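Open the model in a viewer and keep the selection panel at hand. The stops below go from one selection to the next.

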4 protein chains.
Amino acid sequence: MTTQRKPPSNATRRNEASRRAILAAAFELVQEVGYAKLSIEGIAARAGVGKQTIYRWWPSKGAVLFDAFLMLSEQPDGGESALPDTGDLEADLKAVLRATVEELNDPRYDEPMRALNTEITHDPALAALYAERLDGPMRELKKGRLRSAQRAGQLAEDLDLDVAVDMIWGPLLNRWLQRAGGLTPGYADSVVETALNGLRPRR
Amino acid sequence: MTTQRKPPSNATRRNEASRRAILAAAFELVQEVGYAKLSIEGIAARAGVGKQTIYRWWPSKGAVLFDAFLMLSEQPDGGESALPDTGDLEADLKAVLRATVEELNDPRYDEPMRALNTEITHDPALAALYAERLDGPMRELKKGRLRSAQRAGQLAEDLDLDVAVDMIWGPLLNRWLQRAGGLTPGYADSVVETALNGLRPRR
Amino acid sequence: MTTQRKPPSNATRRNEASRRAILAAAFELVQEVGYAKLSIEGIAARAGVGKQTIYRWWPSKGAVLFDAFLMLSEQPDGGESALPDTGDLEADLKAVLRATVEELNDPRYDEPMRALNTEITHDPALAALYAERLDGPMRELKKGRLRSAQRAGQLAEDLDLDVAVDMIWGPLLNRWLQRAGGLTPGYADSVVETALNGLRPRR
Amino acid sequence: MTTQRKPPSNATRRNEASRRAILAAAFELVQEVGYAKLSIEGIAARAGVGKQTIYRWWPSKGAVLFDAFLMLSEQPDGGESALPDTGDLEADLKAVLRATVEELNDPRYDEPMRALNTEITHDPALAALYAERLDGPMRELKKGRLRSAQRAGQLAEDLDLDVAVDMIWGPLLNRWLQRAGGLTPGYADSVVETALNGLRPRR
DNA sequence: AGATAATCGAGACGGTACGTCCGGTCTTGCC
DNA sequence: GGCAAGACCGGACGTACCGTCTCGATTATCT
């Protein structure tokens with residue numbers, strides 16, 4: 001797997017242009033032809049690159065895909081982002097989840113994300129990398145927002161924030177992955193409300 | 001896809017022994033060699049069957065896998081099963097989720113289930129079939145148990161049971177699919193408690 | 001292999017219509033799709049017949065083809081034919097060879113005849129049958145004409161008529177089978193003249 | 001099709017060892033299993049080569065077979081051979097034809113040669129190649145011998161040498177291909193005598 | 001500045017699997 | 001019993017990719 005930044009220059013004479021072309025080609029191809037028909041050969045051809053250049057730097061198709069997402073997640077600005085914090089936890093969460101719903105429904109990201117999830121589910125090494133580099137940072141942001149609410153007394157004191165994150169985002173991801181029912185803004189709202197209040201009657 | 005029951009026998013002169021051998025071979029193979037190396041050719045060889053016999057009756061590798069699960073889910077006894085209902089909802093749910101955790105951690109089911117999920121996420125037609133034939137009935141059982149609790153006043157009156165089911169089982173499935181953190185009985189308990197009580201402080 | 005005539009009725013309950021349909025289908029198909037793509041399955045489909053009906057009565061594809069030719073050669077009238085005998089041997093032979101050239105060049109017979117030759121060259125049993133039933137009678141006619149000329153003193157007394165027949169018809173067939181050079185009436189004439197006179201200078 | 005010589009090496013990075021292994025395997029296999037059971041798959045397996053390597057360089061099974069013969073015909077020494085010329089045309093021809101008979105009867109060449117003839121008869125492109133590269137040179141040798149005799153006054157002045165060649169070798173090949181009668185030295189002698197003298201009574 | 005060496009595009013190679021076609025056998029139900 | 005229909009096991013087809021392996025032709029430091 002690559003080591004993100006370039007200036008540290010850990011000494012390789014690697015061609016940066018080829019690297020970017022490969023990642024871009026991989027991302028485009030998977031969304032065009034779908035996961036099942038994504039091939040290293042196809043990526044190399046699209047990127048105008050020899051196959052060996054891919055095999056030299058990545059151990060698997062999934063790793064390429066992973067790096068493509070990594071590149072995507074780093075490019076925007078460089079500034080660290082954070083979840084909105086207006087003080088109204090429920091509203092903030094609903095906003096974030098609605099955005100997530102929109103992204104999952106976006107045809108540009110749908111196939112690539114499914115592909116990445118597929119690779120992760122079948123490759124523990126990739127899963128670890130994913131947990132560390134992509135899901136981890138995002139989870140920290142989510143937990144940060146929840147921690148802020150917890151400190152404000154809006155969440156239970158003894159709440160396990162990891163479980164809380166799973167409870168809010170898990171249902172959504174699951175519905176999407178299994179294509180089980182529509183992924184609508186209304187559903188996102190329902191999940192937030194139900195998660196915050198719990199299943200039991202209040203009072 | 002098959003039409004399960006045999007006596008109606010309205011149409012085909014299909015070889016039932018071959019059908020069973022194929023489904024069994026598919027299930028065994030996917031757990032032995034993994035999803036990535038599961039091949040129609042391999043299934044046919046293991047089942048002692050011509051490839052054409054598979055292509056004749058199933059449209060895709062995923063469809064075979066799906067039918068293999070279907071066969072598994074129908075075989076046990078024939079009696080309709082139900083979730084435990086001791087009156088203590090929390091205990092019952094914990095018991096069920098712990099069982100689920102165990103099943104997901106069982107190497108006999110791990111790979112096959114990941115494979116099925118992969119096929120579903122990439123094939124809407126299969127997803128619909130899954131929702132109707134495998135997930136649907138199971139979801140009804142879950143909702144049945146919750147409904148019983150709801151009638152007993154243990155759950156909020158206006159609770160959307162589908163959302164509730166997602167909230168309880170979604171986090172588990174997600175953790176498993178993405179290999180994000182350990183899938184332990186303790187985690188199952190946490191999820192049940194947190195889902196029932198909600199994230200907010202009670203009182 | 002079948003036993004041509006029907007009334008002797010050696011007791012089978014064979015369906016004559018199917019037999020004719022099969023032979024006709026075989027002949028048509030080989031001329032339409034070529035020898036390489038001629039299949040039993042295709043013949044059965046075209047003839048509206050079950051595959052088993054073919055396998056029941058013929059031992060090989062070549063045998064079907066052979067019978068198709070046999071049917072063709074028997075159908076015309078029933079009267080035994082003979083080669084022309086005007087007294088002018090050279091003219092008669094040229095006429096016959098020109099007709100042969102025409103037949104070999106006829107797209108209706110070209111492919112089927114090549115197919116039959118192919119089967120014969122690779123199947124001694126079929127070759128024997130061919131010699132007995134198709135080539136034999138024709139060779140007798142040819143030898144008959146030559147014998148008549150021989151008796152008239154137009155051919156050498158000690159001439160081996162089989163060799164003579166080979167010498168006249170062999171070059172033609174060979175050129176055709178190997179596609180070696182054009183198969184023209186002029187070539188036919190040349191062959192006749194050269195065969196009659198021999199390669200040596202006369203006188 | 002190949003371009004024989006290696007030093008020019010203008011274009012491809014072709015593996016010469018694989019090429020030879022394929023041709024050798026093809027030749028051996030056709031004589032072992034027969035034309036009908038000769039398969040590209042079998043050739044590849046025997047040659048220890050991927051199927052694609054065959055499909056990459058040859059358009060058809062027949063082309064492989066053809067090249068196998070080509071390799072055979074080029075390998076012996078490199079020196080141009082010629083037909084014997086003792087001055088006694090009849091004896092020379094008989095010797096050559098007897099050798100041909102022996103070769104056609106040799107089980108090592110029988111099947112391969114039948115296979116090649118079959119491919120040629122069904123593939124005009126291959127036939128042209130055969131005429132140019134295999135039959136052509138051999139025919140020139142034959143015509144060379146005849147021309148020498150012609151100049152010595154042993155053959156008719158106006159004799160068409162192509163027809164003459166057909167007349168001498170055609171009957172033999174035909175008998176062999178159609179398995180029509182035995183292919184004996186005596187037959188070879190008969191053909192030579194009859195061809196030289198012609199069918200008509202001399203004087 | 002020239003030598004040295006790793007990377008690059010290209011693509012041949014031995015393989016595996018694809019999805020299709022057909023060979024020859026067997027079974028079912030009609031006639 | 002023959003027959004049309006067609007499922008079945010098996011084997012080969014010709015294609016697509018896999019991951020490895022040369023081949024020159026750039027680079028890109030390191031003498």
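**DNA strand E**

Select C:Ile40 and DNA strand E: a backbone N or O atom of C:Ile40 is 3.0 Å from a phosphate oxygen of the strand, a polar contact (a pair of N or O atoms within 3.5 Å; within protein, one must be able to donate a hydrogen and the other to accept it, and residues adjacent in sequence count only if both atoms are side-chain atoms). This is a predicted model, in which local features need pLDDT of at least 70 and side-chain atom pairs count only at pLDDT 80 or more, while totals for chains, interfaces and linings use all residues. Residues are numbered from 1 along each chain as its sequence is written, chains are lettered from A and ligands numbered from 1 in the order in which they are written, and side-chain values use heavy atoms, with hydrogens and water left out.

Add A:Thr53, where a polar side-chain atom lies 2.8 Å from a phosphate oxygen of DNA strand E. Then add C:Lys51, which has a side-chain N or O atom 2.6 Å from a base oxygen of DNA strand E.

Now select the 34 residues around DNA strand E, using the rule that a residue is near a strand if one of its heavy atoms lies within 4 Å of it. Among those that come nearest are B:Glu41, B:Tyr55 and D:Trp57. Of the atoms of DNA strand E within 4 Å of the protein, 62% are sugar and phosphate.

Colour this surface by class: eight residues are nonpolar, 15 polar and eleven charged. Here Ala, Val, Leu, Ile, Met, Phe, Trp, Tyr, Cys and Pro count as nonpolar, Asp, Glu, Lys and Arg as charged, and the others, Gly among them, as polar. H3(D) gives the largest share, five residues; helices (H or I, at least four residues) are DSSP runs, numbered from the N terminus.

**DNA strand F**

Move to DNA strand F, which 35 residues surround, with A:Lys51, A:Gln52, B:Asn15, B:Trp57 and C:Asn15 the closest. Sugar or phosphate makes up 65% of the strand F atoms within 4 Å of the protein, and bases the rest.

Three contacts can be picked out here:
- A:Arg13 has a polar side-chain atom 3.0 Å from a sugar or linking oxygen of DNA strand F.
- B:Ser18 places a polar side-chain atom 3.0 Å from a phosphate oxygen of DNA strand F.
- C:Gly50 has a backbone N or O atom 3.2 Å from a phosphate oxygen of DNA strand F.

The largest share of the surface near DNA strand F, four residues, is from H3(B).

**Chains C and D**

Hide the DNA and show chains C and D. Chain C superposes on chain D (least squares on the C-alpha atoms of residues with pLDDT of at least 70 in both) by a rotation of 180 degrees with 0.0 Å of shift along its axis, at RMSD 0.1 Å. The two copies are thus related as by a two-fold rotation axis. Centre on C:Gly198, whose C-alpha is the nearest to the axis in chain C, 1.6 Å away.

Select the interface: 45 residues of chain C are in contact with 46 of chain D, contact being heavy atoms within 4.5 Å.

Finish on C:Arg200 and D:Glu90, whose side chains form a salt bridge (2.8 Å, N to O). The rule, a side-chain nitrogen of Lys or Arg within 4 Å of a carboxyl oxygen of Asp or Glu, finds four across this interface. On the chain C side, H8(C) supplies the largest share, twelve residues.

Notes:
Helices (H or I, at least four residues) and strands (E, at least two) are DSSP runs, numbered from the N terminus.
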